[in-house]
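Thanks for sending this one over. Here are my notes, best read with the model open beside you.

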Amino acid sequence: MAVTIKDVAKRANVAASTVSRVIANSSKISPGTARRVREAIKELDYNPNYHARSLVKNTTNTIGIVMPRSAQSTFQNPFFPEVIRGITSEIHDKDIGLYLSTGQTEDEIYNEVVKMVVESRVDGIILLYSQENDRIMPFLLEKNFPFVLIGRPSKQLNQISYVNNDNVKAGGMLTEYLLLLNHKKIGFIGGNENSMVTKDHLEGYVNALAKRSVPFREEYVVYREEIKEGGQEAAIELMSLSSPPTAIIAADDMMAFGVLRMIQDMNKKVPDDVSIVSFNNFMLSELSAPPLTTVDIHIFDLGARAAESLVNLMHSGNKDIQHTIVPHHLVKRDSCTVWD
């Protein structure tokens with residue numbers, strides 16, 4: 001016969017309502033009573049009915065994860081599984097589940113977020129991307145619904161909790177590194193042109209060129225989907241220029257793998273003929289040939305801090321707005337060299 005909350009209450013010599021408050025981590029219960037109740041729960045191997053509790057409290061114990069459109073290509077990029085791993089590491093002991101969006105277009109994603117909120121499917125939302133003219137964040141702000149952005153909002157910064165890297169600084173750092181290696185013709189491959197992280201990386205790139213009085217060349221900037229095939233397409237475009245770049249900055253490592261492969265298919269050597277650098281420091285970056293120089297943005301920490309911030313928002317009645325900057329650092333490997 002299943003153990004009930006009344007059995008726990010009897011073993012701990014308290015009321016059933018006290019057991020419920022202990023399970024809910026109420027601060028109104030004394031430490032001694034809470035300890036006695038938890039010991040009884042453990043001795044009786046009692047499993048609380050969290051679904052029933054959620055109905056009573058009008059909560060779901062679930063948070064929504066909103067991903068970029070086209071989940072199929074998204075999951076080709078290790079960034080998203082790793083950031084979700086960081087999120088789950090923070091919530092696994094809080095009995096909180098995940099609800100993943102599956103929209104294939106911007107309209108589908110927006111409509112799914114509306115359903116999450118209006119139909120009370122989740123208690124909060126983590127957005128895994130940010131872009132200009134976004135409709136989701138204004139909707140969530142209007143509904144006063146708890147959400148955290150991984151990235152930088154394009155506006156209303158003070159009203160939105162976000163976890164981000166200093167992507168302007170990171171973009172500038174990679175460009176400066178190549179300039180110090182005597183490269184003057186540096187290509188830039190961005191992801192989605194409307195993405196805030198792409199805009200920030202590009203700003204850092206442009207600033208670093210200007211600081212060194214190196215002319216900005218518009219033909220050296222291209223945008224592609226952040227998968228291996230996107231990198232291959234971008235490499236073809238850049239290397240077919242009459243004066244191709246001697247170094248390339250790619251939006252992330254998956255794209256850089258595509259660039260590396262295409263450069264090699266052109267019978268050119270990396271880094272002797274073309275240097276390549278990128279962002280994210282995926283596990284495979286160290287195993288590529290040659291190993292890839294990249295910026296480690298601590299993806300796992302981005303996810304964990306976003307989950308922590310969202311839980312704080314949900315507990316504070318959506319009032320604890322936080323801005324968290326996760327550090328980054330350059331990982332130097334063998335994909336770039338001094339240009340003679």
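**Notes on the strand S6 region, the cores and the salt bridges**

1. Strand S6 is covered on both faces: Ile186, Phe188 and Gly190 on one side, and Gly187 and Ile189 on the other, are all buried (buried means under 20% relative accessible area, exposed over 50%, partly exposed in between, with a 1.4 Å probe and protein chains only). In a regular strand, side chains alternate between the two faces of the sheet. With five of its five residues (186–190) buried, S6 is largely enclosed by the rest of the structure. Helices (H or I, at least four residues) and strands (E, at least two) are DSSP runs, numbered from the N terminus.

2. Before going further, a word on the basis: this is a predicted model, where local features need pLDDT of at least 70, side-chain atom pairs count only at pLDDT 80 or more, and totals for chains, interfaces and linings use all residues. Residues are numbered from 1 along each chain as its sequence is written, and side-chain values use heavy atoms, leaving out hydrogens and water.

3. Which strands pair with S6? S8 (residues 247–250) does so in the parallel sense over four bridges, and S7 (residues 221–223), also parallel, over three (pairing needs at least two DSSP bridges between the strands). Isoleucine 189 has alanine 250 as its bridge partner in S8 and stands opposite valine 222 in S7.

4. The largest nonpolar core has 68 residues, and Ile126, Leu128, Tyr205 and Ile249 have the most contacts inside it. Such a core is a set of buried Ala, Val, Leu, Ile, Met, Phe, Trp, Tyr and Cys residues joined through side-chain atoms within 4.5 Å. A second, separate core of 19 residues includes Ile109, Tyr110, Phe139 and Phe145.

5. Do look at tyrosine 205: beyond four places in sequence, the residues it touches (heavy atoms within 4.5 Å) include Ile186 and Phe188, along with Phe216, Tyr220, Val221 and Ile249.

6. There are 15 salt bridges, counting a side-chain nitrogen of Lys or Arg within 4 Å of a carboxyl oxygen of Asp or Glu. One of them joins glutamate 132 to lysine 199, with the closest N and O atoms 3.5 Å apart. Glutamate 132 is in the loop between S3 (124–127) and helix H8 (136–142) and lysine 199 in helix H10, so the pair ties together parts 67 residues apart in sequence.

7. Finally, asparagine 158 sits in the loop between S4 (147–150) and S5 (161–164). Its relative accessibility is 68%, so asparagine 158 counts as exposed.
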